[in-house]
Every structure is written in C-alpha cells, then in structure tokens.
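Please open the model in a viewer and keep a selection panel at hand. The tour below proposes what to select at each stop and describes what is found there.

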Amino acid sequence: MRSPIGNPFRPGGFLAIGVGLLLVGAIALAGYFLGDFQPPLAESETQCAQSPETIEPTLPWRFQTDPGDVGVVNRWFDVGFDDSEWNESPPGEAWRPEYVGVAWYRATFTLPAEWGIAYLGVAQVDDKAELWVDGARLDWDPASGDASQIIQLAAGQTLQLAFRIVNNGGPGGIKQPVKIARTPWAALPPESYVRWLAAEHPEWPMPGWTRNGYYAWTFTGLPGLENRALFGADGAVAPWPAAPNVSLLVYDPASGALAIPKPTFSLVDKSLPIPQAAWEAAGLSFNSTLFRAPGSDAIRLQVTMSNGADNAINERVLAVIRPLGFNPSLRPTYAAGFDRDGRLWLNGQPFMQASPLPAQYGVGTLAEVLEATQTGSIPNAQNLPCAPAGDAAALMAFDVRLQPGEGLDLSLSFPADPGAPFPMGDAKAGLREAREAWREAIGAPSIVIPDQEIVNAYQTSIGYLLLALSPNGPRPGPLEHAKVWVRDAAFVGEALLAAGHGARVESYLPALFAHQAADGRIPAIIGRDGPEPVDEWDAQGQAIFLVAAIYRYERDLSFLKEWEPRVKGAAEFLRKLRAQTQNDPTETRGLLPPSRSAEDLGPADWHHYWDDFWGVAGLSEAAFIERQLGHTDDANWMSAEADALREAIRASITSVMGPEPDYIPGAPEEIKSSAMARGTSVSLFPVEVLPKEDPLVTRSFATYYDKWIAPSDGGYVHIWGQWWPYGGLGLARDYLRLGQQTIVHQILAWTLSHQTLPGTYAWAEQVSPTHGGISGGDMPHAWAASAYATLIREMLVMRQGEKLELFAGVPASWLAAGKVVGVKAAPTEFGILTALVESDIDTGRPDWEGMLTLKIEGSARPSEGFGWKLPRTPSSIDGPPGVEIRDGRLVVPSDGGVVKLRYGIRR
C-alpha cells in the first residue's frame, strides 16, 4: 500500500501534505466500502503456531565420557559400535558436574521418506565438536559457545549420529537439544535459529548478539510505572521489554546501498534517564529521543532528520520491525498487519503508528523483510495472519526529500503497555512533560563535585534506580531479571535513602517480608507468582539491615516496633541455621550451611563466607534494633550470636588457609577464584563485620587488588574472565574505608570510561573484555547503579559508627582554587547535612599556599561529630570550640560550624 509523504520544509510541502491527506482519506473511504481493507487477524501462538515436524531418536541418546581420549582410535563412531553400556543422557544442558575433557553422544534416527530433506540442528557447543553420520566424519567444525549449525540430510533413511565434544574448561557439552526437523526453524531453538540466519546472511541488519558481537541497551519510562522502553546499541527501540524491536535504516536509491546506524548516545540534560541517539547516513543526520510521555500512555521515538550537505537529498528511510529481543531472544510474533490508517498491529494488538504516514508498508516473515531491506523494497502483503515460527515482521518506507539546511520530524508512537490502544497526543509536548517529570522525581543533586561527569552519572544512577522499582522492590534489570532479590533491595535501598527517597524504600519493605515463614526464613528471590524455592541465606541479614537503615534515616520508633517481630524472626532463623553445623569439622563448624548464596560465587553445596558476613551483619543490626526498643535480653543474645559467627569465620579461614592467611577465600571449599574478592566485599560494607584495621583484612584486599583489579587497570575481573562493574564498585567502597583513595579513583575512572552503553551511564551485570558489551545478566544493572551512587556519596560523607566521615574520597585535585566540594541538604543517618569546602589554594605550589573554608550546617548531629583525614596538615586552624587536628585528622564537634584551614604564608 502507498500513502504520500511530503516535506513541509520545502516549497509546496504543505500543499503536498494536504493533497496527500486527501488522497489517503479517499483511499481509506474506498477501502471501507469496497472491502479492500480488513483489520489484522488476532492470531496467537495457540491459534497459529503449528507443531514443528521433528523426530525423536529410535533409541535414547547414549552418553559416555572419554577421559583417555580413546574414542576415535576405538571407533566409537561406527554404526555397529556397542554403546548399550553407556549412560542415557541427551544433549541439551551443560555437563553437571562440570567435566573437562572429551565426551561422546550417540543416537539413531529414522527419517520420514515424505520429508524429502531433513535438517539437523546443533546449538551452543562448548568448546569443540566433531560429527560422524553413519560412520563417516562430516566436514563440520563449529565454533565455541553460541555457534548455531544446521546440517542438511537426505530423508527416507536411518542415520546413526556420533558427536565427539571437547570441553577445555567451565560448563561444557552441547547445551541445547539436538533436533532433526523438516524445516530449518524447527531444527533449532528460536534464538539459535536467528543466529543461524545471521550467519547465513551477513549483509542483513541483525542485532549484535546474533553474531556474538557487541550489544547493549538502556531503558526509559517514568517512576512507579511497570513497563520500561528499551533503546539498543544499534539504535533499535522497543516500547516494553517483551516487545519486538524497531530500527531505522537508510536505503540510497542512487547507489543501492543500505546504511545501518552506528549511533552515539547521550541523555536529555546530560543526566536524565531519557536516552538520545545521533547518527549519520547518506548525507542525513539523525537525532532520536525515546521517552514515555506522562499521562498519555505513550512511548515515543521522536526523530529529527536534517540535511547538512550542500546538495538536495533524496533517500528512503526504512523502519524495520523485527521479532527480536535486545538480549539473545525471539519475541514471538505470529500475526502482523496494517489497518486502514496505516497503523501496525502485532499478534492482534496495536503496536506502532508513524507520523507522517509512510510512503509504503508491508509485512512478511523475518527473512522476507530483511531481504527486502537490501533493495529498499517492501513486501507485497499488508496482512500476515499466521507465521508458525513466530517470526512475523514488518517494514515501513519513508521517502525523504530535503534541500540543504532543511529538516523533517518523524514520530513513532507505541502503546506504553501491551494491549493498550494506540496513543494520542503531541510528541513534542510529551517530551517536555517527561523532562519536567524526571527533574522533579530525581531532584536537585545533593552532591557537589568539580568533575561534572561524576555528578551526571550519579544523577542518572538515581534515575535508573527509580525506574527499577516495582511494587515488590527493585528489579536488577528489565529483561533477564524481572524479579526481586532481597540483596538488591538492600543495596538499592541504601542508595535511595541517601538520595532522599526513603518513602519509596519503605514502600517496598512489606513485599520483602510478605512471604516470611513461621520459622523466620525470608525468601531470597520474589517473582511475579511469589517466592522462588531456593536456599540463599544472605537474605536474612540483608532484610534486617534494610529495616535498620530505614530507621537510622527516619528515627521513627513506631516503625521499629512494627517491624521488630519480623527482624527477630529472621535473627532466630540465622541462629537455627548455625545450629546445623555445630558438629561439623573446624572448616565449617558454626558457619551457615551451604546455600546457593549470591549465584556468581560458586555451587550451592559450598559454605560461602558471603552468607556468613551477611549473617553477622544481620545479627548485629538486629541487636541494634532491639537496643533501640529497650529489649536488652534479645539484643544480648543476638550480639553473642554475631560474635560467635564472626569467630567461626576466623577459625574456618585459619583451618583452610593456615595460621597466617594471606587472604580470605570465597569459601572453605574453594580458595583460588575471584569469588574471594566478591565474597569478602561485604565484610566492610554496609556493616563493618571485620575491623578494617585487622591485618588479615588489609592483606586480603591488597591481594584482591593485585589479582583481580590491577591487571585491568581498575576493572574487576570475575568468573569466566569477564568484567563485573558492580563488583568493582562494591570493592571500591571497601578500599574507601581502608583509606586506599588511589585505588578508589582507579576503579571509578575505569567504570566511567567503560560504560556498557557509552553516553548513558548504563552498566551491565557482566561485560565482555573482548567487545565491551554485555556478556551476561541484565542492564542497566540496578546493583551497579546503586553501587555507583553509594560510592560517590560516601566519597563525600559516610557514617563510621556514631560519627560522619567527610571527604574520604576527595583527591587533592578537587581542592584547587575556585573549586567547591561536598554535599548540600543531604539526608544522613543523623539528619540533614550541608558540608561544603571552598578553596583558594594554589595546589601547584609545594607549600599549598591559601585557605580551605569548611562549612558544616543542618540538622545532622552525630554524637561523635565529624572527621576529615586532611590531605596535608595546615599551618593554622580557626573554628568553633572543640575543633582540633588529631593525628592528621580534622575533628569537628557535632554542632558543626565554619572552619578555616590556612596553608603556607601569604606574601
């Protein structure tokens, strides 16, 4: 179907649009009366999807490890080889327990004669594979990991298959089921089929994940609303996480070339979570902004195209709608079609409308649509009622004609939630409203730092945390992690409390305790349908900590009285857990039992020290809560239990590592992996479980730095050799407490220069050192955002017992003349604080000539006052009574005031 598109910026443009609208109206009226236009069918998977024609082995799959690598010599691939003594184990999952070496799979299939051709699908081979069919070795050598292979077979015969797999380390095997099917799409899992298509057609515009390359995304929306819209690294967008994505391409009719965006990203006002992308193609400049408009139930991509060349431009802009996710996934789309108004419906629901209308539009399978992009053409069909593979796609074409200096706006609008009607409203007004809504939600920055990028990233991180909130608590990410972990809720809660969003944190606390069992156990993970049945003992301490943190900021005893029974139950459950190991050997005696723990730290049958540190933290914080309420007896047993668990940790470490351990490992069962650093990071934050002055602590963190941070110049290397940004930021908080400011800034610099989606301050849970994109988990990772926000805040002010430590992370370069550093109207555990230091110091002079003026104001009254480890001792000090310098530290009484620190001698 065609509909005209004009350019209002060129002579006659408005007339062209007017005539075009009349023509569109006439065509639409004719369609209604003549019956040419039918609404897209409301097909669904159950209505449309056909059972794929696949066959199962004649006999069960046989599996055998080959540690001596004798299988080839002994011809385990022969048709007549007797494998009856082998185990029955089909491919489809990684080998458990992890096995390093060679192993074999064998199976026999009878192929239906009526098929004519059959397809064998193999996906996710780790690390290497060989295949024999009827005893003959195929010329087939798939790459490691996500490589997807389809092998064509002649039907109508019985075939014997033998796979030889080599695993060089980590989880190995054939990690997806091996299928023989009548069609290629049925022979592989959906995402693997897409990878195969991408490999077969390298010219097609496909996401980076389909070719094992770089991919990343960020999200936007509004606080308190369930769905978030996504913006991908390739410029594609999706109105909600499970939606197909939409990408703009440029086809040049003159050259026949297709330009694929290579955008650079930024944020509205440099820090609001409203992403923008800019790119150029065929002389056109594109600037796109993705946002959710308040009150209009609309997600909009507002695109401005402009001609900066000296000549007129005549290009075709394509909007391709692909049934693909931003992570490795298919977004099943079984029906696609355009209605009378040129609006796109997917799976019988409204999906997208464009303003102005496209010149042409059509639908087809993913392969058909992507092939059409190569010639700038459009599939003939306007309605695809049934795509059994779930791969229905669509294409719109906009013919853009611009004179030099002219521009054109294109707006793509989506319902903000699946199944909602097509949105109305003005896109530009919606963007203004979204901007104001986010400014109000985040609030003015409470931190003052000379480096504006650090401040921008802080503000954005708070925005991401507000976006991450669901009624149950913060979700770590929009795609993989649509559930709530108690540990994330604790870390995110700490960051939001310090940013002045305590009410939001308190609002999700009931959901964390909603499923607490009669024995006091708190489930660690809460999904849409309730808690998941997994053992992760850290959740007890994390939930208790969050209650204590809320109280410290609010100082509301009625709040503590309400939650004390829940806290006491969780503490009693920790005591019951410890009772299970009282008769264990010294290595595990008195520790918490094995658990899944933080899932990246190792198997569920290990005793992870991470759990134990959180156990001590929870018991200590529970004792604090009981003392606030005057419950001395309960506070005493909780403190005693915390001390006993702390001593059990020390005894375990000594038993495993020797009388003078070089470092604290991750668990008694494993002492060499990077889990040592991640697992021990919570020994100092958020509760000081081990004294930071302890030589074992200082030796441990020195080892962690040398092993896992220094080799990447500030990036934390964790399991599978990947970067883990949130892990590095968490360790930076520990180094801050240890006074290792240089390491803190090294990690901070690495983090800012390694944004997973540069320009958006979005970090993934796991990052590939190979291409710098996401390699596991989700993003923007809420834990990373909270770790960043907490680190920056604590570099300026952090609680140390009953005092507030100032400027622990402030380098000398931030104290040069004319600069101001500190916090303004910042919530703390002792009240609201403004603490600013102004400088007229000439830091280039050896004697640092000049003065630092520190002003401490507000309601914060820590009983032990304020402290600052000065970068160098001043020649004189002037301030309120009680101000002094003690062992190189400035000590200011709890009333604060103005303190002047003079350096050098003025001439």
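Two strands are taken as paired if DSSP finds at least two bridges between them. The model on display is a predicted one.

**The open sheet**

Begin by selecting the six strands that form an open sheet, in the order S30-S40-S41-S42-S47-S44, with antiparallel pairing. At its edges are strand S30 (447-448) and strand S44 (876-878), each of which pairs on one side only.

Next, select residues 820-828 and 831-839, which are strands S40 and S41; seven bridges join these antiparallel strands. Within this pairing, glycine 822 has leucine 836 of S41 as its bridge partner. Proceed to strand S42 (residues 850-858), which is antiparallel to S41 and joined to it by seven bridges. Here glutamate 838 is bridged to threonine 853 in S42. Then add strand S47 (residues 897-903), which pairs with S42 in the antiparallel sense over seven bridges. Which residue of S47 stands opposite lysine 855? The residue to select is valine 898.

Return to strand S40 and select threonine 828. This threonine 828 counts as buried because its relative accessibility is 2%, the limit for that class being under 20%. Beyond its sequence neighbours up to four places away, threonine 828 touches Arg552, Tyr553, Arg793, Leu804, Leu833 and Ala860. One of these contacts, Arg552, leads to a further stop: arginine 552 lies over the face of phenylalanine 624, at 3.9 Å from the ring centre. A comparable selection is arginine 575 with tryptophan 637, where the arginine lies over the ring face at 3.8 Å from the ring centre.

**Helices and cores**

Select helix H18 (residues 782-796), whose 15 residues reach 22 Å from first to last C-alpha, close to the expected 21 Å. Of its 15 residues, 15 are buried.

Tyr788 and Leu833 are among the residues that touch the most other members of the largest nonpolar core, which has 260 residues. Another core lies apart from it and has 29 residues, including Tyr105, Trp115, Ala118 and Ile165.

Now select threonine 460 in helix H7 (residues 452-468). Is threonine 460 buried or exposed? It is buried, with a relative accessible area of 0%. Leaving aside neighbours within four places in sequence, threonine 460 is in contact with Leu267, Lys270, Ser271, Thr760 and Tyr761.

**Aromatic pairs**

The count of aromatic pairs comes to 37. Select phenylalanine 63 and tyrosine 105: their ring centres are 5.0 Å apart and their planes lie at 45 degrees, so the pair is tilted. The pair links distant parts of the chain, with phenylalanine 63 in strand S2 (residues 62-65) and tyrosine 105 in strand S4 (residues 101-110), 42 residues apart. Both phenylalanine 63 and tyrosine 105 are buried.

Tryptophan 76 and tryptophan 86 form an edge-to-face pair, 5.3 Å centre to centre with 65 degrees between the planes. Tryptophan 76 counts as buried at 11% relative accessibility, and tryptophan 86 does so at 9%.

For a wider selection, take Phe491, Phe545, Trp610, Trp614, Phe685, Trp724, Tyr726 and Trp783, which form one aromatic cluster.

**A buried proline**

Finally, select proline 142, in the loop between strand S8 (136-137) and strand S9 (148-154). Proline 142 counts as buried at 4% relative accessibility. Apart from residues up to four places away in sequence, proline 142 touches Val125, Ala129 and Gln149. Measuring from C-alpha to C-alpha in the viewer, the reader may compare proline 142 with alanine 675, which is 32 Å away in space and 533 residues away in sequence.

Definitions and conventions:
Residues numbered from 1 in each chain as written. Predicted model: local features only at pLDDT ≥ 70, side-chain atom pairs only at ≥ 80, totals over all residues. Heavy atoms only, no water. Helix = DSSP H or I, 4+ residues; strand = E, 2+ residues; numbered from the N terminus. Buried < 20%, exposed > 50% of the residue type's maximum accessible area, 1.4 Å probe, protein only. Contact = heavy atoms within 4.5 Å. Core = buried A, V, L, I, M, F, W, Y, C linked by side-chain atoms within 4.5 Å. Expected span 1.5 Å × (residues − 1). Phe/Tyr/Trp six-rings, centres within 6.5 Å; stacked < 30°, edge-to-face > 60°. Lys NZ or Arg CZ within 6 Å of the ring centre and 35° of its normal.
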